[in-house]
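Open the model and set the display to cartoon. The walk below goes strand by strand, then turns to the helices.

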Amino acid sequence: MDQRDRSQPDATAARRPRRDLMDVPRLGMDRDSLAESFQRHFVQTLGRSDESTSTHYHFQALALAIRSRLVERWRDSTRSYSAAQPRRLHYLSLEFLIGRTLGNAVLNLGVADDTAAALYEFGLSLEEIAELEPDAGLGNGGLGRLAACFLDSCATLQLPVRGYGLRYQYGMFRQLIENGWQVEEPDHWLRNGNPWEFERPEFTRRVRFGGHTHCYRDRHGRLRFDLLDTQDVLAVPYDMPIPGYRNGTVNSLRLWAAQPTDVFDLGEFNEGDYAGSVRAKNEADNITMVLYPNDATENGKELRLRQQYFLASATLQDVLADWKAHHGDDFSRFAELNCFQLNDTHPTVAVAELMRLLMDEEGLEWDQAWEITSSTMAYTNHTLLPEALERWPVALFRQLLPRLLDIIFEINARFLGEVSNRWPGDIDRLRRMSIIEEGDVQQVRMAHLAIVGSFSVNGVAALHTRLLTEELFRDFHDLWPEKFNNKTNGVTQRRWLAHCNPPLAKLISEAIGDGWQRDMDQLDRLRAFADDAGFQQQWQSVRQTNKRQLAALIERECGVKFDPSHLFDVQVKRIHEYKRQLLNVLHVIHLYDRIKRGDTADWTPRCVLIGGKAAPGYARAKLIIKLIGNVASVINCDPAMRGLLSVVFLPNYSVTLMERICPGTDLSEQISTAGKEASGTGNMKFMMNGALTIGTLDGANIEIREAVGADHFFLFGLTADQVLEERQRYRPDLIVAENKALARVMALLERDHFSRFEAGLFRPIVESILSPHDPWMVAADFASYLAAQEAAAVRFNDPQAWTRSSILNTASSGRFSTDRTIREYNEEIWRLPSIAPRTGHDSRRTRTAS
């Protein structure tokens, strides 16, 4: 007889699962379920009581309630991808400018109305709670916002895509304006935590810097390499859910945070070296401290290269580890089932790093490793400015990444052999195409490495791609024309119309249905309403509401009143000379001069809004901000300007500010020097919301004008080809002498009218305009710009004509959805399957608690 104590389960029984840990009832998506989840998180998860008055916890509780529902669909999507083992894309970007997550999440889950109703039960407002969320400090400009839109569209199209980036502690910076000057302070966006992220320490990777290369032969006599005496840093992943639009798919954005291998050296601390005891921690933290550290110093350059390698190495290790977990050491199908998209030149060190990992860590021979690398890497170029293409001193590379430099030298030697075979004796071509730039200081040209190591190289607008193939990368196009292709950028209509402009989205859906949120080409059906007087009146009403809201924001932030009946003339983007905020300011000064001279017949009252951040080390861009501020101060304080002209510089431009700005904008300034802007995406956001564009034939402006028609776009300026021709004989001094309006503007600047107590402050700007070597050709386009501005003013004075053009701009914006862009990437580069999650997103097997 068994004498064991029956009250104690035996070991075998204890190990036998009685319930499936992952079999959790689905959460409800209705008002009552959301209300109960919100309440439970507020009281139980966050431990709040009746005495809790901080609205911060309302946001945290709501975010956790919504996150729980995202996690269900995230798990379904992950399981489906794991079961299918499809071809996957890994999207590497140093920036993901995702903005706020809450509003986008409730929109894509389809629970916005139910969430608002649930909060109303507690006397709370969804709109007010959403305002409590900080913008994620993960990007700066169009590059990062594009990456965020891409992830949204990939999830909406149900493509197996994961984004990889860095988890910056302080983002880029928070911009303050003090006495007209930009001042940077840390952006503490993580001060209260990030409720959308999940730390995944089990997938931590080790990234090695420095050291020296050790060469040896393995037991088979093969030459092998290893790194010794390295300084290692841990890459700890944080995952964020990226939901598709009402389809049950949730993809991932994995962000790497740098941590030391040893946080604290107790020995050094006990010896009194308190700073030395945490030196390793501080050096590791620096890698993911801020986006784009100032590279004006050698230490800044080194930190940027560390960031780029950290992202590439951690990501590639992650992908290879996942591959080996499913396929072991067999890499024969790796290229068939994986693709890496390099978003601009920042992550292109991945080409050499994948070679290192495959050869040194996985034991593949050079030819095998190169076949895999060159079959999986795809490179997107985002700039035509040679100075913006990453180049690193060979000496810095040797110090920081010695093994990678060896590999790059070998890649270059083999590549130049191919070039030499194609063009024997063409030394100039070899010099132009070499990955290593010779000179007093040898440089590694990262864009060249990307082209050599990728199977696809794409530009981001038709003109941009043409200029890449005909000018910047012409030699490479001559060698490999099949590699080059165009993928015109886009933006997601869900964030940039449905979410940021609900009144206009509602009006559009009432007219043509809401199918445009999935298929933006359906906006074309709005053309039928362009001449409908009743619809025009509704359109004008919506736009006036949006302009009143924008005016309230400007008064709150800048103390300047904008009249919603005036023309809202807007330029918000990164401050850079090629984007020509300076040309905009010259026009503002011209308007000021006209008013002062009494030339106000048939005047169109105008409110000018400019915003954007300058890189911390970019002195000229900061001086332009100062000029804008000084001009605005003079104009806004002058009684003669009242009711005719107002100007503001709006500080700390962000995704959230853009969501407020673009619905209330009348005239969108896209005025870069032709041939300098790769694409632009702000132009698309404004167009989508009914703004008219004033712009040059640059970037995606060309395609915008083609889509909407020349009559609904205010064109000015030299073309890219004309810029090249004019540059040879450019005499801005003669242009100023022959143009009375420009001469008066320059005279005001030269006489310190806008810097009365700072004599000579703007002399560098005056000299740059008058220089025959001005690469931005500001004076050359001034007269044409004024004519286009006058045409815009005349059109605005005809409300019916302006409204018709506004409707047609929105109707014509369908081709600028990232859904279209991503379909093109997928059809021509990635070749990914569309995979729906196994569990339906509308399942009603629910529980109300979270």
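Two strands count as paired if DSSP finds at least two bridges between them. This is a predicted model.

Start with a hairpin. Strand 8 covers residues 212-217 and strand 9 covers residues 223-228. The two run antiparallel, and 6 bridges join them. One pairing to pick out is His 212, whose bridge partner in strand 9 is Leu 228. Between the strands lie 5 residues. In this hairpin, Gly 221 takes a positive phi near 85°.

Now move to an open sheet. It has 6 strands, paired in parallel, in the order 21-20-19-22-23-24. Which strands form its edges? They are strand 21 (645-650) and strand 24 (713-715), each pairing on one side only. On average, neighbouring strands of this sheet are turned by 20° against each other, direction ignored.

Look at the strand 21 end. Strand 20 (residues 606-611) runs parallel to strand 21, and 6 bridges join the two. Cys 607 has its bridge partner, Ser 646, in strand 21. Helix 25 (residues 619-636) packs on the sheet here, touching strand 20 and strand 21. The direction of helix 25 makes about 145° with that of strand 21.

A further helix packs on the sheet: helix 34, residues 799-811. Which strands does helix 34 touch? Its contacts are with strand 19 (567-572), strand 22 (667-670), strand 23 (692-695) and strand 24. The direction of helix 34 makes about 90° with that of strand 23.

Notes
Residues numbered from 1 in each chain as written. Predicted model: local features only at pLDDT ≥ 70, side-chain atom pairs only at ≥ 80, totals over all residues. Heavy atoms only, no water. Helix = DSSP H or I, 4+ residues; strand = E, 2+ residues; numbered from the N terminus. Axes fitted to C-alpha atoms, helices over the stretch in contact; angles between N-to-C directions. Contact = heavy atoms within 4.5 Å.
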